[in-house]
Amino acid sequence: MNRHRTRNETERKPQCFERDTGYPLPELPRIPDHRVNVTDYGAIGDGLDLCTSALQAAIDDCAASGGGTVVIPAGFWRTGPLTLRSRINLHAESGALVQFDSDPELYPLVPSHFEGRSEWRCQAPLDGSALTDIAITGSGIFDGGGEGWRPVKRFKTTESQWTKLVQSGGVVDAANEIWWPNAEARDGEAYCRELRERLTMTSTNAEHEYGQLSQNPASSEDYLPARTYLRPNMVSLRSCQRILLEGPTFQNSPAWCLHPVGCEDVTIRGVQVRNPWYSQNGDGLDLESCTRALVEHSLFDVGDDAICLKSGKDEEGRRAGMPCQSITIRHCTVYHGHGGVVIGSEMSGGVRGVRVSDCVFSGTEIGLRFKSARGRGGVVEDILIERIVMRDIVHEGISFHLFYAGVEGSEGSDDEVYPVTEATPVFRDIGIRDVICGGAATALLVNGLPEMPLRNLRIEGLRAVSEKGIVLRHADGVELSNVALRTGEQPQLTAHGCRNVKLDGESLAPASGIAAASIRSLS
């Protein structure tokens, strides 16, 4: 059993916190030394035959004999969704392409979880619930066939691309702005909304398992007319223990790519996650309400947030009360993505005990991204991020945005004070140090809530080239030290509605109003 922990990691005391309680790292799965090959069960890797039955039989038979490794050798393996089992390592060897067919008839509706809520979804291509000791390894490729599921927004294409897409089949919406693979998918959102109004969806109390829709008056049959709209995440693991994803490329997912939810002891290392940049809901990794996770030495190039921490949405997430906690992210690279490392916006169960280090973001829309909104609730705290390198960031290098409205970027805020309730999100005790940002629209943006300002943010050793410098709105207790900027606009720092802001130990902002200051410039 390897906990990946060193003496340094457990005993260090970061300068930006008075204390660091340490955090446990995950255990690896325990899988027997037994191997089977899918070809022994009749699977044919020619890209023509549908191999679902053979692949599933290999997994089931290996599990029935106590567990082991199911080997997928080099070849083109076309399949429907696969149900994973405990004590199984699904191993795709170099040269293996596992292609999940996008025919919706192959994907039954199952209790699942998406965007912070329990709901019916199509079964994930790689699906598992309440499992222990599971792994997906090897150097092969798992392709989710996302082009057969996802809508495409016109503004994300050129005119020639849009014309070609429309001519390929499918349908467009009334405004001719969104392409859908079929009318069922296009009309599914309205159908599901009307159905939920008639059959109020509920979930269980805090002891429920994620994805278990007990007490839900709506059945899978009720949702069948919208099946192609309810596109699955590619890898969905719910309430599982001891997970390892190591080595493969996961690409082209129908919705989110990797989604462990309500899981414990998750290790993800040495994987590549790829989605088209325009892919709707094309997240790379969403760790939701997970305890003890390690993400390292992995590459992301996706259509939405790349590495994201979540914990349920609004009242359901608060009722479940399952935080995402004890998370380590290190030595990862992000190319395209709406955010490199992201917390939120579905964080109603809380996020705490997060350590991020030694990551590179290149061409990412936002680098370090924290987002929420009134109504979410939840507490985000005890976050330490260090040694981050960014270049060509489209919007903000570092963004705290508590007015998130589902759009790119982090603009939009107000000064109206709302009552503080359990639905008010709280962000506090966050340290960020040794960040280099070679190009961004804004180096650091804080859009806190006036009724619940961002509290205790410490930035040490930020070097950034950007159009705007540092913009602070509604924060209490911001310490900036050893910061150097080169900006196109002056002043390099503005603060509005802030308290206890210090620049290199000197008090800066008044309790209200606007204060402005220049920061040492990069040469």
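**Exercise 1. Decide whether Cys192 is buried or exposed, and find out whether Cys192 could take part in a disulfide.**

Solution. Start with the accessibility of Cys192 in this predicted model: the relative accessible area is 0%, and because buried means under 20%, Cys192 counts as buried. Next, look for a partner, bearing in mind that a disulfide is a covalent bond between the sulfur atoms of two cysteines. The closest cysteine sulfur to that of Cys192 belongs to Cys122 and is 10 Å away, which is too far for a bond. Cys359 can be treated in the same manner: Cys359 is in no disulfide, and the nearest cysteine sulfur, that of Cys332, lies 5.0 Å away, while the cut-off for a disulfide is 2.5 Å. Cys359 is also buried, at 1% relative accessibility. Finally, widen the search to the whole structure, where zero disulfides are found.

**Exercise 2. Find how many aromatic pairs the structure holds, and classify the pair of Trp277 and Tyr278 and the pair of Phe370 and Phe400.**

Solution. A search of the whole structure gives six aromatic pairs. One of them joins Trp277 and Tyr278, with 6.2 Å from centre to centre and 85 degrees between the planes, and this pair is edge-to-face. Both of its members are partly exposed, since Trp277 has a relative accessible area of 44% and Tyr278 stands at 30%. Now turn to Phe370 and Phe400, whose ring centres are 4.2 Å apart and whose planes meet at 15 degrees, so this pair is stacked. The two rings come from distant parts of the chain, with Phe370 in strand S30 (residues 368–371) and Phe400 in strand S32 (residues 396–401), 30 residues apart. Phe370 is buried at 2% relative accessibility, and Phe400 is buried as well, at 0%.

**Exercise 3. Describe the largest nonpolar core and the surroundings of Phe142.**

Solution. The largest nonpolar core has 115 residues, and those that touch the most other members are Leu126, Phe142, Phe250, Leu287, Ile329 and Phe400. Strand S33 (residues 426–438) supplies the largest share of this core, namely six residues. To see what lies around one of these central members, take Phe142 and leave aside residues up to four places away in sequence: its contacts then include Leu90, Ala92, Val98, Phe100 and Leu126, and also Met234, Pro248, Thr249 and Phe250.

**Exercise 4. Work out how strand S37 is covered and which strands pair with S37.**

Solution. Strand S37 (residues 475–481) is mostly covered, as five of its seven residues are buried. Strand S35 (residues 454–466) pairs with S37 in the parallel sense over six bridges, and within this pairing Glu460 stands opposite Ser481 of S37. Strand S40 (residues 499–503) also pairs with S37 in the parallel sense, here over four bridges, with Lys502 of S40 as the bridge partner of Glu479.

**Exercise 5. Locate the backbone features at Asn281, Asp434, Ser345 and Pro491.**

Solution. As background, most residues other than glycine have a negative phi, and most peptide bonds are trans. Asn281 has a positive phi, near 55 degrees, and lies in the loop between strand S21 (272–274) and strand S22 (285–288), where it is buried at 15% relative accessibility. Asp434 likewise has a positive phi, of about 60 degrees, although it is not a glycine; Asp434 is placed in strand S33 and is partly exposed, with a relative accessible area of 39%. Turning to the peptide bonds, the one from Gly344 to Ser345 is cis, with omega near 0 degrees, and Ser345 belongs to the loop between strand S28 (341–343) and strand S29 (351–362). The bond from Gln490 to Pro491 is cis too, with omega near -5 degrees, and Pro491 sits in the loop between strand S38 (484–487) and strand S39 (493–496).

**Exercise 6. State the mean pLDDT of the chain, and find where pLDDT falls below 50 over residues of the chain.**

Solution. The chain has a mean pLDDT of 91, and 91% of its residues reach 70 or more. Over residues 1–17, however, the pLDDT is below 50, and this stretch has 43 contacts in the model beyond near neighbours in sequence. Residues 201–215 also stay under 50, with 44 contacts beyond four places in sequence.

Note on methods
Residues are numbered from 1 along each chain as its sequence is written. This is a predicted model: local features need pLDDT of at least 70, side-chain atom pairs count only at pLDDT 80 or more; totals for chains, interfaces and linings use all residues. Side-chain values use heavy atoms; hydrogens and water are left out. A nonpolar core is a set of buried Ala, Val, Leu, Ile, Met, Phe, Trp, Tyr and Cys residues joined through side-chain atoms within 4.5 Å. Buried means under 20% relative accessible area, exposed over 50%, partly exposed in between (1.4 Å probe, protein chains only). Helices (H or I, at least four residues) and strands (E, at least two) are DSSP runs, numbered from the N terminus. Contact means heavy atoms within 4.5 Å. pLDDT is the predictor's confidence in each residue, from 0 to 100. Two strands pair if DSSP finds at least two bridges between them. Rings of Phe, Tyr and Trp (its six-membered ring) pair if their centres lie within 6.5 Å; planes under 30 degrees apart count as stacked, over 60 as edge-to-face and the rest as tilted.
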